Amino acid sequence: MSRYGYLIREGFRSITTHGFMSFASVTIIMACLIIMGSVSLLSLNIDALIKDLEDQNEIVVFVDESLNDEESARELQKNIEAIENISSAEFVSRDEAMDNFMSKYDEELMEGIDETVFRHRYIVHLTDIALMSQTKMELESLRGVAKVNAHLDYAQSFVTIRNVVSIVSLVLIVILVFVSFFIMSNTIKLATFGRREEIAIMKMVGAANGFIRLPFVVEGLVLGILGGGLAFLAEWGLYNLVTGRIVGSVTGALLNVVPFKSVALHVFIIYMAVGVLVGAFGGVNAIKNYLKV
Amino acid sequence: MVVMENVRKVYESSNTVALENVSFTINDGEFVFLVGPSGSGKTTLMKLITGEVRPTAGTVIVNDFNMGAIKRRKLPKMRRTLGVVFQDYRLIENMNVYDNVAFAMRVVGAPNSEIRKRVPYMLELVGLEGREKRMPTELSGGEQQRVAIARALVNSPRMIVADEPTGNLDPVRSLELMLLLEKINEMGTTVVVVTHEKELVNAFSKRVIKIDSGKMIGDGMDGYYE
Ligand SMILES: Nc1ncnc2c1ncn2[C@@H]1O[C@H](COP(=O)(O)OP(=O)(O)OP(=O)(O)O)[C@@H](O)[C@H]1O
Ligand SMILES: [Mg+2]
């Protein structure tokens, strides 16, 4: 270990020697990770929202008059459940529907309303609301189905948003990882330039390539881990701040926000992994040209 | 040991034929001067030996390694059999004398216990005992070059190659340095010295390989005369 001690110390020292560039590359990595993390968390929240919608957003399938008695209307259950995208179908009889309706409104208002006004119906939940319009058509084509009530446009716009956010975040992540790597590599190139004499001497006396790389990889790792750790803390604060505002607002009160604690470990691991990889490969890349001859 | 056979070296970038049809053998234990005017190809020959450049044609064998075909990852192993000295010393400015020499051992992974024994011995051999704590800038040119020689020798290479080691020294320091290299040679290390200083070469009775415009024009014990 002692013989590596010197080189590892050199890696740390180089960070302070090129203080400004080190600061810049940590900041860039932080910024990249925060942008990356924020879009990912946004898309996670949209996913959760869609899940909520899927749970709440029920499709009502009305049974037509050809299946008038409850017995035959219940027969439809298996046909509905045979459709692929259906996660559940709950039968509600004409009587129950009327009772539900009545309980919500004033009795007097209901006077004179006959239970035959109501139809037997199924309350249907979907597995994936992205396929809602297709499923709606399949339901409508079933024999015995009079009408299908579904909030198509509502679901569709959320799915579109989710898809856009996923694509944007993927593209952003690729670009930002590349930018971080580039900045990191150039920061460490400064260090290799400052120590080119030493590198030349190491090569002349026959130091192994891994040994020559060591201080620069250490420098990259330290910067990467620093950037990852700081980005994690910043993301934590930022996320709680923003979600706190949303939940606090009037419209936001209806939204269910994914709590940071439930994803903190994942965010931490991913940030650290990106920091470590960008740092290590940045270091290896920076020294690459010196090791050719 | 160096074996050159019909070596040709062309620098594509400057379209220069730096060496043409060069053949000689340097056996273990020899002391050889490599002389020639500026631009004749001396440094190119040195770089062929250290593996910094590869021959365009012909064979270069150094300490049993075939330098024309050696794999890049084998170069460190090959270089541990060589000690290299340059005209401009190439010491690390922010390390003291002791650390400059110890550095060469550290980076090849020598244990500390061995470094502590070997470095003082080397510094004594080159006459720098008591100067361990000095920084390179606090030394004369001759002293700096002796640090460089100690560093080149510290890992016990089979051969030392020195490219104009006296280029920046006055005649007296140059002679002292050459006597040091002669002493090292007598202790068993092969020594190859590049120089264009005729007086210095002629002060010793050694084998002299002469090149001019990339071609060998002499190889013998008859000194350096034109
Ligand atoms: N890296 C290079 N790229 C292109 N041409 C080069 C390179 N190095 C040397 N040359 C050319 O090759 C020729 C031989 O150069 P070399 O350095 O071997 O001469 P030298 O004998 O060491 O000279 P000096 O005594 O001045 O050091 C010269 O014409 C030089 O311009
Ligand atoms: Mg030269």
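In this predicted model, a good place to begin is ligand 1, where a backbone N or O atom of S40(B) lies 3.2 Å from an oxygen atom of the ligand. Side chains take part too. An N or O atom in the side chain of T44(B) is 2.6 Å from an oxygen atom of ligand 1, and a polar side-chain atom of S13(B) lies 3.5 Å from a nitrogen atom of the ligand. How much of the ligand does the protein cover? On its own, ligand 1 has 630 Å² of accessible area, and the protein covers 65% of that.

Now widen the view to the whole shell. Ligand 1 is surrounded by 15 residues, and the closest are S38(B), G39(B), K42(B), T43(B) and T44(B). If you sort the shell by class, you find 10 polar residues, three nonpolar ones and two charged ones. Which parts of the fold do these residues come from? Two elements of chain B give two or more residues each: the strand β2 (16–26) and the helix α1 (42–50). Of the elements, α1(B) gives the most, with three residues.

Next, let your eye move to the place where the two chains meet. The contact takes 18 residues from chain A and 23 residues from chain B. Together the chains bury about 1900 Å² between them, and 64% of this area is on carbon and sulfur atoms. Three residues are worth finding here: R79(B), F103(B) and V107(B) supply 28% of the area that chain B buries against chain A, more than any other three residues.

What about charged and polar pairs across this contact? The count of salt bridges between chain B and chain A is zero, and one residue pair is in polar contact, with both residues at pLDDT 80 or more. On the side of chain B that touches chain A, α2 (75–79) and α3 (97–106) each supply at least two residues. By class, that side of chain B has 11 nonpolar, seven charged and five polar residues.

Salt bridges do turn up when the search takes in the whole structure, with 15 found over all chains. Side chains of opposite charge can pair when their charged atoms come close. One example to look at is the pair D64(B) and R158(B), whose side chains meet in a salt bridge at 3.4 Å, N to O. Why is this pair interesting to trace along the chain? D64(B) sits in the loop between β4 (57–62) and β5 (65–66), while R158(B) sits in the loop between α5 (141–153) and β7 (159–163), so the pair ties together parts of chain B that are 94 residues apart in sequence.

Finally, take a look at the backbone. Most residues other than glycine have a negative phi. Which residues of chain B go against this pattern? N21(B) is one of them, with a positive phi near 55°, and this residue lies in strand β2 of chain B. You have already met β2, as one of the elements that give two or more residues to the shell around ligand 1. E164(B) also has a positive phi, about 50°, although it is not a glycine. E164(B) lies in the loop between β7 and α6 (171–186) of chain B.

Methods:
Residues are numbered from 1 along each chain as its sequence is written. Chains are lettered from A and ligands numbered from 1 in the order in which they are written. This is a predicted model: local features need pLDDT of at least 70, side-chain atom pairs count only at pLDDT 80 or more; totals for chains, interfaces and linings use all residues. Side-chain values use heavy atoms; hydrogens and water are left out. A residue is near a molecule or strand if one of its heavy atoms lies within 4 Å of it. A polar contact is a pair of N or O atoms within 3.5 Å; within protein, one must be able to donate a hydrogen and the other to accept it, and residues adjacent in sequence count only if both atoms are side-chain atoms. Accessible areas come from the Shrake-Rupley method with a 1.4 Å probe; for residues, only the protein chains shown count as cover. Helices (H or I, at least four residues) and strands (E, at least two) are DSSP runs, numbered from the N terminus. Ala, Val, Leu, Ile, Met, Phe, Trp, Tyr, Cys and Pro count as nonpolar, Asp, Glu, Lys and Arg as charged, and the others, Gly among them, as polar. Contact means heavy atoms within 4.5 Å. Buried area is the accessible area (1.4 Å probe) that two parts lose on being put together, summed over both. A salt bridge is a side-chain nitrogen of Lys or Arg within 4 Å of a carboxyl oxygen of Asp or Glu.
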